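Trainee: Could you take me through this model, one question at a time?

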Amino acid sequence: MIEKRISIGNIEPIDFYGVNNSKFNLLKAYFPKLKITARGDEIILQGELGDIEILSQKINALLEHYHRYNMLTVANLKRIILEDNLVPDPEDADSVILYGNAGKAIRARTENQRKLVELARTNDLLFATGPAGSGKTYTAIALAVRALRNREVKRIVLSRPAVEAGESLGFLPGDMKEKVDPYLQPLYDALSDMIPPKKLEEYLEAETIQIAPLAYMRGRTLNDSFVILDEAQNTTRNQLKMFLTRMGVSAKFVITGDMSQIDLPRREDSGLTHAFDILKNIPGIAFVTFDSGDIVRHRLVKEIVKAYSEHKQS
């Protein structure tokens, strides 16, 4: 992380920052990827070099405007910040969950994705179900990475049933991580969008991001963790109960799955279906049901899901 300090000189701070820091807070809203603080006549910028350079140019332009006209209005600030199209207008900032690699905005793109983000603010256990490509797992991982960046949690734990109807890992070669990596690849793909490769490798080595197959979860207590269980439709009732009871202090759990892709011998054995029935009225637990309208993959995926759904009902 780069740090840069810019002095506003002998300008009265209230004239430049605004009453109750109104103009300064607006400036911060335009650069959410940076940590921006004001200490007297100094503005301190912390973040990626490219973003700092853009903001530095803008602050210098604001200072030049003030010295020329002896004033800086909110309208002046907005005009200077937005000129050259280097900075996006933050009107849709609420939809951005975090900024990933190369400054890519990871945002909630559908109504149910936004609902999941909103419910995560007030609930520590969330269930998100829906068809493939609806963004339920991707959104959950974005929330986890944001919580880790904001130091709301100390680690991220990713879990998934390793095989369709059981946890038979012993016959596979390699250590635990090598055994389950193929099953967890979709989670890695999402993480790779949000965390630079070198940093992701460091997180994995330090176990700040952990690989925790369902078979190895028994007996653990997960404190200060953001935990995601993916493909939960293929857990049995006992497996899901065991997983949910791993929840420790200051933890947040998100359970994702697709009810239409249960691979257990009997659909009624699915722990996810059972959990929906018995946990729905407990405060602090929220449920979000995604549908085909949330699919954000290739346009044909939506049509494929629709066709299979209609065929199943006929």
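The questions below go from the whole chain to single residues and helix pairs.

Mentor: Before we begin, note that this is a predicted model, in which local features need pLDDT of at least 70 and side-chain atom pairs count only at pLDDT 80 or more, while totals for chains, interfaces and linings use all residues. Residues are numbered from 1 along each chain as its sequence is written, and side-chain values use heavy atoms, with hydrogens and water left out.

Trainee: What percentage of the residues of the protein chain count as buried?

Mentor: The protein chain has 11 helices and 11 strands, these being DSSP runs numbered from the N terminus (helices H or I with at least four residues, strands E with at least two). Buried means under 20% relative accessible area, exposed over 50% and partly exposed in between, with a 1.4 Å probe and protein chains only. Of the 314 residues, the share that counts as buried is 46%.

Trainee: Which side chains make polar contacts with the side chain of Arg160?

Mentor: Arg160 is found in the loop between strand E7 (155-159) and helix H7 (176-194), and it counts as buried because its relative accessibility is 14%. A polar contact is a pair of N or O atoms within 3.5 Å, where within protein one must be able to donate a hydrogen and the other to accept it, and residues adjacent in sequence count only if both atoms are side-chain atoms. The side chain of Arg160 has one such contact of 2.9 Å with that of Glu231 and another of 3.1 Å with that of Asp230. The partners asked for are Glu231 and Asp230.

Trainee: Why do H3 and H4 count as oblique to each other?

Mentor: The axes of helix H3 (residues 49-69) and helix H4 (residues 74-82) come within 9 Å, where axes are lines fitted to C-alpha atoms, for helices over the stretch in contact, and angles run from 0 to 180 degrees between N-to-C directions. Angles under 35 degrees count as roughly parallel, over 145 as roughly antiparallel, 65 to 115 as roughly perpendicular and the rest as oblique. H3 and H4 are therefore oblique, since they cross at roughly 140 degrees.

Trainee: Which strands and helix are included in what covers the buried residues of H9?

Mentor: In helix H9 (residues 237-244), the buried residues are Gln239, Leu240, Met242, Phe243 and Leu244. With contact meaning heavy atoms within 4.5 Å, their cover includes strand E6 (125-129), E7, strand E9 (225-229), strand E10 (252-257) and helix H10 (271-279).

Trainee: At what angle do H9 and H10 pack?

Mentor: The axes of H9 and H10 are 8 Å apart. The contact is made by Arg237, Leu240 and Leu244 of H9 and by Gly271, Leu272, His274, Ala275 and Leu279 of H10. The packing angle is about 60 degrees.

Trainee: Is Arg151, which has a positive phi although it is not a glycine, buried or exposed?

Mentor: Most residues other than glycine have a negative phi. Arg151, in the loop between helix H6 (136-149) and E7, has a phi of about 60 degrees. Because its relative accessible area is 77%, Arg151 counts as exposed.

Trainee: What separates the C-alpha atoms of Gly133 and Ser292?

Mentor: Gly133 has its place in the loop between E6 and H6 and is buried, at 8% relative accessibility. Gly133 and Ser292 are 159 residues apart along the chain, and their C-alpha atoms are separated by 8.6 Å.
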